[in-house]
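Dear colleague,

I am handing over the structure below, with notes on what was found in it. Please keep it open while you read, as the notes go from one element to the next.

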Amino acid sequence: MNTTYKVQLFLLHFAGGSSYSYDFLRVFMDADFEFIPLEIPGRGKRFGESLLTHKNEAIADYTKQLQKLRNQHVPYLIYGHSMGATLALSVAHEMEKINDIPLSLIVSGNTGPGVKDIEEVHQNNPRYAMSDADFKAELTDLGGVPDEILQSDEMYSLFVPIMRSDFEILEKGSSHHSDKQIVLSTPIYAVMGSEEKYCEHITNWEKYTNNTFDHQLLEGNHFFINDHPEKLSSIITNCYQKNINR
């Protein structure tokens, strides 16, 4: 890219993830990006902090981190996968309120708010409240959780509270915040795996911006991102290049 500055790229992790979740992508990013993976409390570098269980708390925590780390003299992008995409929509909205608008919001592994059939599944059988046996089966089906965690009682006992709290953030929500009402000024680029159950709903994201929208499917399941780091890096770079002169 050969910019005269470092473009800030803020990354929001998926459920059960941490600031280390995007290490696979870091090495493929152009050196002109400042790679800034964030994390909410209770994992990674913030393991000693209390877990969050409310969506508003997670949004506020991420927004505070981003505002603190922002270099107001350079442009920035936000990327989130799965839970990270859900929260990134609201974080971008909070940043727009203070007139610090991202160049682009890049979301993956997520159909966006308001897809009725997905929401009904979560409401009728919330994952955070499942029995331990059902919860482990759900994690196995979802993928992305290393086998060594699922097969080790000690590691699993440390990991499960993080996953349950993250699913509670997503599925219980908050009566004080509705992302279904958000319409951003920020362009949105959505990516999903071709084997994801609801990938046909990817264009739902278009409803949440009054700017440009684009999307694509990449081969794979919910954690397709691990198989396509170069392509994901290219998408992020192209989102920067496309919108920097808009």
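Since this is a predicted model, please read everything that follows as a description of that prediction. I begin with helix α8, in which Pro-229, Leu-232, Ser-233, Ile-235, Ile-236, Thr-237, Cys-239, Tyr-240 and Asn-243 are buried. The length of this helix can be checked: α8 covers 15 residues (229–243), which at 1.5 Å a residue should span 21 Å, and the C-alpha atoms at its ends are indeed 21 Å apart, so the expected and the modelled span agree. As for its place in the fold, α8 lies across β1, β2, β3, β4, β5 and β6, and its direction makes about 155° with that of β4.

The sheet

Those strands belong to an open sheet of six, arranged in the order β2-β1-β3-β4-β5-β6 with parallel pairing. The edges are taken by β2 (33–37) and β6 (213–218), and because each of these has a single partner strand, one side of each is left without a neighbour in the sheet. From one strand to the next, the twist averages 15°.

Strand β1 is mostly covered, with six of its six residues buried. On one side these are Val-7, Leu-9 and Leu-11, and on the other Gln-8, Phe-10 and Leu-12, which leaves both faces of the strand covered. β1 runs parallel to β2, to which five bridges join it, and within this pairing Gln-8 has Glu-34 of β2 as its bridge partner. β1 also pairs with β3 in the parallel sense, over five bridges, and here Leu-11 stands opposite Tyr-79 of β3. Further along the sheet, β4 (residues 104–108) and β5 (residues 188–193) are joined by four bridges, again in the parallel sense, with Ser-108 opposite Val-191 of β5.

Helix α3 (residues 83–97) packs on this sheet, where it touches β1 (7–12), β3 (76–81) and β4, and its direction makes about 150° with that of β3.

Two helix pairs

Two packed helices are described by the angle between their axes and the distance between the axes. For helix α2 (residues 55–69) and α3, the angle is about 55° and the axes are 9 Å apart; the two helices are therefore oblique to each other, and α2 passes α3 in a right-handed crossing. On the α2 side the contact is made by Lys-55, Ala-58, Ile-59, Tyr-62, Thr-63, Leu-66 and Gln-67, and on the α3 side by Thr-86, Leu-87, Ser-90, Val-91, Glu-94 and Met-95. When you look at such spacings along a helix, it may help to recall that an α-helix has 3.6 residues a turn, so residues three or four places apart point the same way.

The other pair is helix α5 (residues 132–142) with helix α7 (residues 153–172), whose axes come within 12 Å and cross at roughly 80°, so that α5 and α7 are roughly perpendicular to each other. In this contact, Asp-132, Phe-135, Lys-136, Leu-139 and Leu-142 of α5 meet Tyr-156, Phe-159, Val-160, Met-163, Arg-164 and Phe-167 of α7.

Residues in the loops

Most residues other than glycine have a negative phi, and most peptide bonds are trans. Against that background two loop residues deserve a look. Ser-82, although not a glycine, has a positive phi of about 60°; this residue lies in the loop between β3 and α3, and because its relative accessible area of 16% is under the 20% cut-off, Ser-82 counts as buried. Asn-99 likewise has a positive phi of about 60° without being a glycine, and its place is in the loop between α3 and β4. At 64% relative accessibility, however, Asn-99 counts as exposed.

Finally, Pro-75 is found in the loop between α2 and β3 and is buried, with a relative accessible area of 15%. Leaving aside residues up to four places away in sequence, Pro-75 touches Tyr-5, Val-7, Gln-8, Arg-70, Leu-103, Tyr-240 and Ile-244. Among these contacts of Pro-75 is thus Tyr-240, one of the buried residues of α8. Pro-75 and Asp-100, for their part, are 25 residues apart in sequence and 9.2 Å apart in space, C-alpha to C-alpha.

With best regards

Notes: Residues are numbered from 1 along each chain as its sequence is written. This is a predicted model: local features need pLDDT of at least 70, side-chain atom pairs count only at pLDDT 80 or more; totals for chains, interfaces and linings use all residues. Side-chain values use heavy atoms; hydrogens and water are left out. The expected span of a helix is 1.5 Å times one less than its number of residues. Buried means under 20% relative accessible area, exposed over 50%, partly exposed in between (1.4 Å probe, protein chains only). Two strands pair if DSSP finds at least two bridges between them. Axes are lines fitted to C-alpha atoms, for helices over the stretch in contact, and angles run from 0 to 180 degrees between N-to-C directions. Contact means heavy atoms within 4.5 Å. Angles under 35 degrees count as roughly parallel, over 145 as roughly antiparallel, 65 to 115 as roughly perpendicular and the rest as oblique. A crossing is left-handed if the near helix is turned anticlockwise from the far one by less than a right angle, and right-handed if clockwise.
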